[in-house]
Structure formats: structure tokens, C-alpha cells
Amino acid sequence: MNVFSYLLGVIQGEIENLSSAGTLPAGLDLGAVSVEPPREAAHGDAACNAALVLARQARRKPREIADSLAARLEERAEIRAVEVAGPGFVNLRLTDDFWRARLAELLATGAGYGAENLGQGRPVNVEYVSANPTGPLHVGHARGAVVGDALANLLQHMGFAVTREYYVNDAGAQVDTLARSVHARYREACGEAIGAIPEGLYPGDYLVPVGEALAARDGRRWLDRPEEDWLPEVRAFAIEAMMDLVRADLDALGVRHDLFRSERALVGEGRVDDAYAALEADGLIYRGVLEPPKGKRDVDWEPREQSLFRATAFGDDSDRPLRKSDGTWTYFATDIAYHRDKVERGFSDLIDVWGADHGGYVKRMKAAVSALSGEGATLDVKICQMVKLLDGGTPVAMSKRAGRFVMLREVVDEVGKDVVRFIMLTRRNDAPLEFDLRRVTEQSRDNPVFYVQYAHARACSALRRGAEVVPEAALAPAALAGIDLSSLEDAAELDLIRRLCQWPKVLAGATLAHEPHRIAFHLQELAGAFHLLWTRGKDDPRLRFVDAERPAKTLARLALISALKIVIAEGLALFGVEPVQEMR
RNA sequence: GCGCCCGUAGCUCAGCCGGAUAGAGCACUUGAUUCCUAAUCAAGGGGUCGCAGGUUCGAGUCCUGCCGGGCGCGCCA
């Protein structure tokens with residue numbers, strides 16, 4: 001049960017009762033009424049704003065409405081106390097039995113607790129990573145990869161039919177540069193002295209084995225031939241090799257995609273022409289000349305008449321060109337075709353996860369999706385801000401000019417995929433992220449991965465100890481769901497139960513807002529409440545989880561621990577992180 | 001010059017669809033270890049929510065204008 005949804009239903013029912021009784025006018029719009037856990041514990045278990053948001057419609061003072069509502073709610077068995085507070089909040093306190101019943105419910109449900117069919121099988125397309133196939137992934141890519149993957153997991157968990165996609169930009173000038181770079185390494189592998197890698201080509205060592213592999217496959221046949229002869233072959237070979245690298249990197253991070261969509265294939269299949277024709281048919285393409293960007297010095301600018309997409313009709317700041325002067329498509333044109341492809345495959349909910357450097361591209365892509373779907377599809381773009389890599393507080397030098405990026409693989413090898421994944425989700429996607437290689441492996445309170453994992457490990461430890469006192473079969477969550485929980489009466493125990501019961505609300509909120517980081521924060525709160533309780537057991541033996549003298553109480557406490565373990569494990573699973581059983 | 005994102009405690013950051021006395025960790029001070037992992041926990045001080053207006057019962061949250069930082073601005077992707 002989502003306690004807050006349940007209470008909202010109860011309150012809506014009581015408001016309707018008040019309307020029927022004539023206390024309130026009929027036909028009130030209850031859309032703005034909400035029930036939430038209050039920030040202040042002193043305000044009870046749940047707070048409702050109904051009286052405040054209905055006051056205007058009902059032409060009544062908030063406190064009057066609140067008093068009427070409170071009088072009705074007091075009659076309900078599961079509600080221990082109702083108070084009207086502040087400007088007209090209705091604060092509810094639920095009975096301990098109510099909370100204990102929710103704990104039993106959690107245990108009976110097990111791993112799926114909080115999973116609600118919000119999506120009703122609605123298809124959602126999540127596109128993430130989509131790094132150019134010109135080299136291995138670096139740490140910046142990791143953030144988008146993890147955010148996209150976790151978001152996809154979350155949506156899937158909540159009943160959406162998710163497809164995970166990677167757009168392979170294998171059609172532009174960059175892959176031609178890649179091909180030339182590989183050709184240089186190929187000549188090197190064939191025994192030619194190539195000296196320094198020429199300016200403008202990719203100098204990375206990772207292309208050496210690609211050149212060697214090409215030489216091994218094709219021998220010397222591409223050596224003394226003009227570029228136009230070898231470029232397509234070498235390019236195809238190189239792209240395949242780069243995508244193998246990328247897939248290996250993603251695999252190391254535990255990130256997977258359902259579909260890799262090739263830009264080159266999209267062009268080859270004529271899908272870009274189709275998209276262009278469709279926009280043209282809707283009168284959204286015209287010949288025109290763009291204004292040069294103001295204030296940006298650009299000596300090469302010359303006015304040029306070209307085909308423009310009327311993006312301004314859909315909220316963009318400028319109309320956008322679709323063809324380069326050499327007649328080939330712009331990146332935007334092929335991306336329009338790709339998004340049209342998604343819509344035609346039945347998706348009307350599109351999510352793209354991009355790096356911060358693409359922020360200026362959001363409006364035009366949203367405009368394009370509106371245009372090509374007849375306003376029927378929506379695009380949500382999650383922009384991931386920079387990852388600032390530190391080592392013990394000092395920045396790790398990452399110079400784009402020198403081509404010195406820290407590779408995703410190096411970081412995963414050093415701290416492990418679970419640490420990378422969790423840390424990447426401890427910030428909102430649109431806030432910059434500090435990633436300190438030293439700190440994230442420390443075993444201390446300020447390392448959130450450790451803190452949450454330690455809570456899980458402690459829970460496992462107590463359950464192992466518990467099995468020495470009571471039969472192991474009795475510790476299965478389904479069995480614990482049926483026991484007497486009435487000995488859970490300490491404030492810290494009930495506080496932990498309440499926080500566990502917020503899980504369905506957290507999941508639903510994170511899903512609808514497309515914000516997986518909320519889960520990371522909730523897991524840290526749960527871990528905190530649990531560590532507190534654990535330490536209280538040091539002072540007060542009655543709160544110890546395992547007590548051989550009192551098997552019944554032990555069972556009740558282990559039920560609480562088992563529920564915590566279920567929720568933490570579930571949250572970590574959504575993040576693609578393995579919960580640890582022990583830390584030694 | 002224009003667009004997007006950000007600005008909350010000394011530092012790193014939460015803050016849900018506009019709700020009550022703005023929260024957490026770190027750092028600092030003090031305290032807790034026979035006993036389920038003290039790898040933890042408790043207490044204390046610390047704020048003009050960048051600035052100024054506006055909207056309303058109520059603004060960190062919405063609107064406008066400034067200030068500061070990041071990203072980007074036709075034939076790169």
C-alpha cells in the first residue's frame with residue numbers, strides 16, 4: 001500500500017461526504033489536494049493541505065474546513081489523532097498497529113514492494129550514451145550511461161514498456177577522420193614509418209590494435225591506393241572495432257541497450273529523405289537565409305540561402321538548416337529522422353539523456369519531435385552536467401586539448417562498477433558532480449555507497465545471527481509477515497517503519513519526474529534510521545535485534561530488519577548495484 | 001549579443017505540484033565501545049535560500065529585471 005495515496009483517497013471520500021451533508025459545496029475540484037509526509041516529525045505522520053487549497057472554491061475559511069474534516073477523520077479506527085495546525089493543515093497520526101500492519105504487508109509482498117503499475121504497459125523509449133564511435137568511453141559518458149540505465153530500470157519496474165537505445169553516429173565527418181586515423185595505424189602495422197600522427201587525426205593508442213587487425217585481415221591491399229578506394233572499407237572496419245570497444249566498456253559498467261540504431265543505415269534506408277519530405281508536406285520547410293549569431297565573432301560567416309526547418313513554429317529560437325552546403329544531411333536532419341523512426345515504432349514518450357555540451361540542442365529537438373508527431377509525442381531531455389574527477393580532493397587533470405581523458409574503464413577497474421553507478425546517481429542530473437576516486441572507496445559515513453551497503457550488510461549479519469536463535473525457515477519474509485509485531489513499539493523502530501512505508505511514494509515520484517537520484521537519497525535516509533537503531537541497541541539491550549532469551553521479540557525485530565533489507569536491495573537493484581552481504 | 005542549466009550553512013549537496021520554525025553529510029567542539037560489525041551513533045554552534053521587484057492566505061520553489069558561474073550558438077556530432 002502507498003500510505004499517502006491511501007490517505008488521500010480517505011480524505012477525498014470525507015470531503016465528498018461533507019459535500020453531501022451540505023457542509024461544503026458540491027462539485028469541488030480536488031485535484032490540488034495532497035497528502036505528504038511532513039518535514040517536521042512534530043507534525044505527525046501525514047499532512048494534508050485540503051483545507052488550504054479548497055478554501056477559495058468553497059468560499060470558506062481554511063480553518064473551518066479543516067475542523068470539519070478533522071472531526072470526520074477522528075472517527076476512523078486507523079487514525080490515532082488529528083490536529084489542525086498552522087494556516088489550516090490537517091495533521092494525521094496513525095496508530096502503531098496501522099504502521100505494523102504496513103510492515104507485515106511489505107514483508108508479504110517482498111521484492112516487488114512499492115512497484116505500482118504506473119505505466120500500464122505504455123511504451124517509453126530511453127536513448128542514452130550515444131557516444132560517437134571514435135574511441136573508448138570516458139568518465140563523462142559514464143554519467144549519462146548510468147542515469148539512462150537506472151531511469152530505464154525504474155520505468156520498467158513501474159509498469160512501462162521500456163526500450164533502451166543507443167544512436168550510433170557513424171555517418172558524419174568524424175568517422176571519416178577515424179578511418180584515416182586507422183589507416184595510418186594500418187600502414188604502421190604493415191611496417192611503414194609513419195612518424196607522428198598528423199594533426200587532425202585521432203592520436204590515441206587504442207587505434208594501434210585496430211590497424212594491426214586490419215593488416216591481419218586484409219594484408220597490404222590498402223597500402224598504395226587512393227583514399228577513395230580504401231576509405232569505405234576501412235571506415236566500416238574501424239566503426240565496428242570502436243563499437244566493440246564501446247560495448248565492452250558498457251558491459252564493464254553493467255549497462256545494456258536493446259537497440260543500437262545506426263545513423264548511416266538510417267540515411268541508407270532513405271529515412272532522412274522520408275522525414276524531410278514529411279516536414280516539407282506539412283509546409284515546415286522553406287528556402288531562407290539565417291542571421292549570423294550576434295556578438296560571436298565569426299569571420300567566415302557568409303549569408304547563404306538554404307533549406308530551413310521552421311523550428312520557431314514549435315518554440316525554438318531560430319529556424320534550423322537540414323543540409324550542409326555539400327548536399328549531405330546535417331546532424332540535426334538525421335537526428336530528426338531517428339526520432340521520427342522512434343515515433344513510427346509506436347513511442348510517444350521519448351527520453352534522451354545527453355551531455356551538458358548538447359544543452360543548446362534541446363529546444364530544436366523538442367520542436368522537431370512536436371512537428372513530426374503532430375504534437376502527439378513528447379520528448380524529455382535529461383542533461384547530465386560535468387563530472388569533476390578528483391583524487392583525494394585534488395582535481396585529476398583532464399585536458400581536452402591534449403586528448404587526455406580519463407577512461408571509463410580505468411575508473412571502473414579502480415573502484416568497481418557498483419561504486420561508479422551509485423555515485424553517479426547521488427546528484428540531480430542537471431547539477432555538476434564531484435567524483436573523488438579516493439573518497440568513494442573509503443569506508444566512512446561520508447561515502448554514501450559504503451553507508452548504504454553497510455546498512456545492508458549489518459541487516460544480513462543480524463539475520464545470520466538470528467538464525468542461530470530461531471529456525472531459519474521462520475526468517476523468510478513471507479513467514480515474518482505473519483508474526484506478532486506488537487513488540488515493535490520504540491520510537492526509533494516505528495520511525496524506521498514509517499520511512500520504509502515511504503518507499504512506494506518515493507518510487508512513484510522518481511518515476512514520474514524521471515529522477516532516479518531521489519532513490520539514492522531515500523536509501524541514505526533509511527540507512528541512517530537503521531544505523532541509529534542499531535547503535536541504540538548498544539545502550540538499551542531491549543532494542544537489540546537478536547536476543548536469545550526472547551525469541552518472539554527477536555522475530556519481530558528481525559522482521560523489521562528483513563523489510564529494510566528488502567527495500568535497500570530493491571533500490572540498489574534499480575541502480576544496477578549488487579547489495580553486499582558482509583563487509584570484512 | 002542570444003539561448004539553456006546552475007546559484008541554498010565554511011565545503012559538498014537535498015528540498016516532491018507553491019505549504020508550517022529551510023534540511024542532511026563533511027569540517028569544528030563534546031560524548032557513547034562487556035554485548036547483533038563503533039567501518040557506527042548522539043549532542044552543540046553555523047543561513048539576507050545571489051540581488052531587487054511582482055503574483056497570493058502563503059515563495060528556496062512561479063513571473064520580470066539585474067549580478068555571478070557553466071555549457072552552447074549555420075556546412076562538428
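This report describes how the two domains of chain A meet in a predicted model.

Chain A is divided into domain 1, which spans residues 3-94, and domain 2, which spans residues 444-575. Taken over C-alpha atoms, the centres of domain 1 and domain 2 lie 31 Å apart. Six residues of domain 1 are in contact with four residues of domain 2, and the two domains bury about 420 Å² between them, with 62% of that area on carbon and sulfur atoms. On the side of domain 1, the residues that lose the most area to domain 2 are Phe4, Pro37 and Asp45, which together account for 68% of what that side buries.

The values that describe the interface between domain 1 and domain 2 are collected here.

| Item | Value |
|---|---|
| Distance between domain centres (C-alpha atoms) | 31 Å |
| Area buried between domain 1 and domain 2 | about 420 Å² |
| Asp45 to Arg498 salt bridge (N to O) | 2.8 Å |

As for polar interactions, the count between domain 1 and domain 2 is one salt bridge, and the side chains of Asp45 and Arg498 meet in a salt bridge with an N to O distance of 2.8 Å. The count of residue pairs in polar contact between the two domains, with both residues at pLDDT 80 or more, is one. On the side of domain 1 that touches domain 2, the helix α1 (3-20) and the strand β1 (35-36) each supply at least two residues, and the residues of that side divide into four nonpolar, no polar and two charged.

Note on methods: Residues numbered from 1 in each chain as written. Chains lettered and ligands numbered in written order. Predicted model: local features only at pLDDT ≥ 70, side-chain atom pairs only at ≥ 80, totals over all residues. Heavy atoms only, no water. Domains from an automatic or database assignment. Contact = heavy atoms within 4.5 Å. Buried area = accessible area lost by both parts, 1.4 Å probe. Salt bridge = Lys/Arg side-chain N within 4 Å of Asp/Glu carboxyl O. Polar contact = N/O pair within 3.5 Å; in protein donor to acceptor, adjacent residues only side chain to side chain. Helix = DSSP H or I, 4+ residues; strand = E, 2+ residues; numbered from the N terminus. Nonpolar A, V, L, I, M, F, W, Y, C, P; charged D, E, K, R; others polar.
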